[in-house]
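Here is a short report on how one protein chain is put together. Keep the sequence and the 3D view at hand while reading.

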Amino acid sequence: MTVLQRRSAPVGAWGSLVFFTSLGTVGVGLGWDRNPKPGMVYLAVVILGLMRMGWRGLGRARVELRVGEVRVVGLCTQWRVPAVAVRTVETEGGLHLITVHGDRISVFAFSASLIDRDRTVRAAAAHIRRILPRRPAPRATAPPATRRIDWRWADISLIPGILGAIAVMAGIL
């Protein structure tokens, strides 16, 4: 298996974790005695959720090239695309896989970036094209791409933030 990911992704992921940890520590530490306790707990839960989303967006987003398959791990979903079902790989405005069935799969890990001027996107597309068969399978016989929600145990950290937001909007907190 080959994993394609921006070189800066792990650095950004760890940097966001350090930033949000510092923000949470300082924010909750300074405000604990000056603000209502439910509000401070809610702030801590929201920061925890932001940390998890930052990790999902920067640390986990990637493309996995497997034998006969391309897996696209995004922010909240995972696509399993048979290599014979990929019609083309586009790099205009980010990285996209187009299947013979008409699915347009955007690769979150290689979204358009002004920093690298699309060099990373074009390099990832070239790498993907190398593992694809010369001709895709006909639409009638090609297996479909499948998408599933991609949640892990640590995503439980998002639930209190969502419930807290509902409570705040309802006027409970």
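Strands here are DSSP runs of E with at least two residues, numbered from the N terminus. By that rule, T99 lies in strand β6, residues 94-99. The model is a predicted one.

**Two buried residues**

Is T99 buried or exposed? T99 is buried because its relative accessible area is 0%, and the cut-off for buried is under 20%. D150 sits elsewhere, in the loop between β8 (146-149) and α4. D150 also counts as buried, because its relative accessibility is 0%. The table lists what each residue touches, leaving out residues up to four places away in sequence.

| Residue | Relative accessible area | Residues touched |
|---|---|---|
| T99 | 0% | V81, A85, V86, R87, I105 and A145 |
| D150 | 0% | R56, R60, V73, C76, T77, Q78 and D155 |

**Helix α2**

Two contacts of D150, R56 and R60, are among the buried residues of α2. This helix covers residues 37-60, 24 residues in total. From first C-alpha to last, α2 reaches 33 Å, close to the 34 Å expected at 1.5 Å a residue. Other buried residues of α2 include M40, I47, M51 and R52, along with the glycines G49, G54, G57 and G59. What do the buried residues of α2 pack against? Their partners are helices α1 (8-31) and α4 (158-170), plus strands β2 (62-66), β3 (69-73) and β7 (104-111).

**α2 against α4**

The axes of α2 and α4 come within 8 Å and cross at roughly 135 degrees. The pair therefore counts as oblique. The crossing is left-handed. On the α2 side, Y42, V45, G49, R52 and M53 make the contact. On the α4 side, L158, P160, G161, G164, A165 and V168 do so. Both G49 and R52 are also on the buried list of α2.

**The open sheet**

Which order do the strands of the open sheet follow? The 5 strands run β1-β2-β3-β4-β8, with antiparallel pairing. β1 (2-4) and β8 are the edge strands, each pairing on one side only. Neighbouring strands are turned by 20 degrees against each other on average, direction ignored. Strands of a sheet pair through backbone hydrogen bonds. β1 and β2 pair over 3 bridges in the antiparallel sense. In one of them, V3 has E64 of β2 as its bridge partner. Helix α3 (residues 119-131) packs on this sheet and touches β1, β2 and β3. The direction of α3 makes about 20 degrees with that of β2.

How values were computed. Residues numbered from 1 in each chain as written. Predicted model: local features only at pLDDT ≥ 70, side-chain atom pairs only at ≥ 80, totals over all residues. Heavy atoms only, no water. Helix = DSSP H or I, 4+ residues; strand = E, 2+ residues; numbered from the N terminus. Expected span 1.5 Å × (residues − 1). Buried < 20%, exposed > 50% of the residue type's maximum accessible area, 1.4 Å probe, protein only. Contact = heavy atoms within 4.5 Å. Pairing = 2+ DSSP bridges. Axes fitted to C-alpha atoms, helices over the stretch in contact; angles between N-to-C directions. Parallel < 35°, antiparallel > 145°, perpendicular 65-115°, else oblique. Left-handed = near helix turned anticlockwise from the far one by under 90°.
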